[in-house]
Amino acid sequence: MYDFMEYCLKRFYRSSGWNEENQYSNLCSWSRALLDFYTPRGLSLVISKLPTPHFKPSYTLTALPTLNGSLGYLYTSRELDIGTSATVDFQDLVDRFRIVVREPSKEENKTPSSNPDYLLYGRMFFPGARMEAMYVRRLSRNVQYLVTAVNSPKTYAAPQIAMQLQYDIGKWCSECSFTSDDGLLGLRALYNFGTPSSIGQWSIGTEVYYGILDKSGGMSTGLRYRTQPTSNAPPISFTYTLNPIVGHMSTSYVAKVSEELALCSRYDFSIYSYESDLAFGFEYRTKKPTMEVENGVVTLTADRTEKLEGLIKARWGFAKGLALMWEGRFKKTLFSIGLTADLKSTSPIKTIGVEIQYFA
């Protein structure tokens, strides 16, 4: 399940018409959602407030295995209709298999170029007083930049700052980045063949980076094929990524076999060490039918109007072992329950946790 601040950021992207799926860093977003999901550790409680459509604070407390927490604030120039934890659309709040196609909204087209939208976010963690911040600003319909910073007083080091400039016109997207701690310069690009409305679409991307301080560089490239859902075939995705410098390559296959079930497999291989890993995963969605009451008669609406109310995820791989997670809603609260295990160990359970979110 997304962190509240992360969910607000995604809502900001959606309301302003920005498509994250069109970035090279999200080339494998479908397989990553099914296989690299985060499972909670210990007992965590997240409470957020919605005082205004522009300003939103959030508080996090983790009781187990150690006591820590955070205090965060977020402000946006654009009004965000978040809803409460009791009314928010659950399928938008969880990191899941999803098909995203950029469709610029009327609000986006009305945004004046002289006053672009922006998002400002800051959070402090305790104990330790480590701070993180983010500033996102839309320069135009196709251009935005991000600045993120992390500062830890205990390390007595300069704050780590990362900057990104992104340009997206739908057909292709490019990104320029720079990080201050290691002086890393990067350039990413993704090009799409065909149109989003076509049955299948190929995408090819690449990344080139160079470290100014250590005088070393690298690159990676990736290929993706996706199909759109039709009456005859479910949507599928195939990806292949290669990093020739470190000798790592990865292939993945994702298929949505039904409205509730999506399956994924991924194979990683190291060219130089011959180390490999094979992982499988799935997610199953449980739905709660929408009920309509008229003249004392309760009627269930069609499947297309049902809302996702629960999500079950499972992953197993030779390297990372087993991971299980159940996310859902109980009355006015949202919860995530997860565990990770190594079945080859004498003590198989590695982590177990529960996370509860409430915002109103």
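## Backbone geometry and a pocket

Pro127 is found in the loop between β4 and β5 (130-138), in a model that is predicted. The peptide bond that leads into this proline from Phe126 is cis, with omega near -5°. Such a geometry stands out because most peptide bonds are trans, just as most residues other than glycine have a negative phi.

The loop between β4 and β5 also holds Ala129, which has a positive phi of about 60° although it is not a glycine. A positive phi, near 55°, is likewise found at Lys215, a residue other than glycine, and Lys215 lies in the loop between β10 (200-211) and β11 (216-227). The two residues are set out below with their accessibility.

| Residue | Phi | Relative accessible area | Class |
|---|---|---|---|
| Ala129 | about 60° | 29% | partly exposed |
| Lys215 | near 55° | 60% | exposed |

Ala129 falls short of the exposed class because its relative accessible area is 29%, and exposed means over 50%; Lys215, at 60%, therefore counts as exposed.

Turning to the pockets, the second largest one has a volume of about 560 Å³. It is lined by 26 residues, of which Met1, Asp3, Tyr38, Pro40 and Glu355 are the closest to its centre. Two or more lining residues come from each of the strands β1 (42-48), β2 (55-64), β3 (68-76), β4 (118-126) and β21 (349-359). By class, the lining of this pocket comprises 11 nonpolar, eight polar and seven charged residues.

How values were computed. Residues are numbered from 1 along each chain as its sequence is written. This is a predicted model: local features need pLDDT of at least 70, side-chain atom pairs count only at pLDDT 80 or more; totals for chains, interfaces and linings use all residues. Side-chain values use heavy atoms; hydrogens and water are left out. On a 1 Å grid over the protein atoms alone, a cavity is a set of points where a 1.4 Å probe fits but cannot get out, and a pocket is an open set with protein on both sides within 12 Å along at least five of seven lines; lining residues have an atom within 4 Å of a point. Grid points are joined across faces, edges and corners, and a volume is the space filled by probe spheres set on the points. Helices (H or I, at least four residues) and strands (E, at least two) are DSSP runs, numbered from the N terminus. Ala, Val, Leu, Ile, Met, Phe, Trp, Tyr, Cys and Pro count as nonpolar, Asp, Glu, Lys and Arg as charged, and the others, Gly among them, as polar. Buried means under 20% relative accessible area, exposed over 50%, partly exposed in between (1.4 Å probe, protein chains only).
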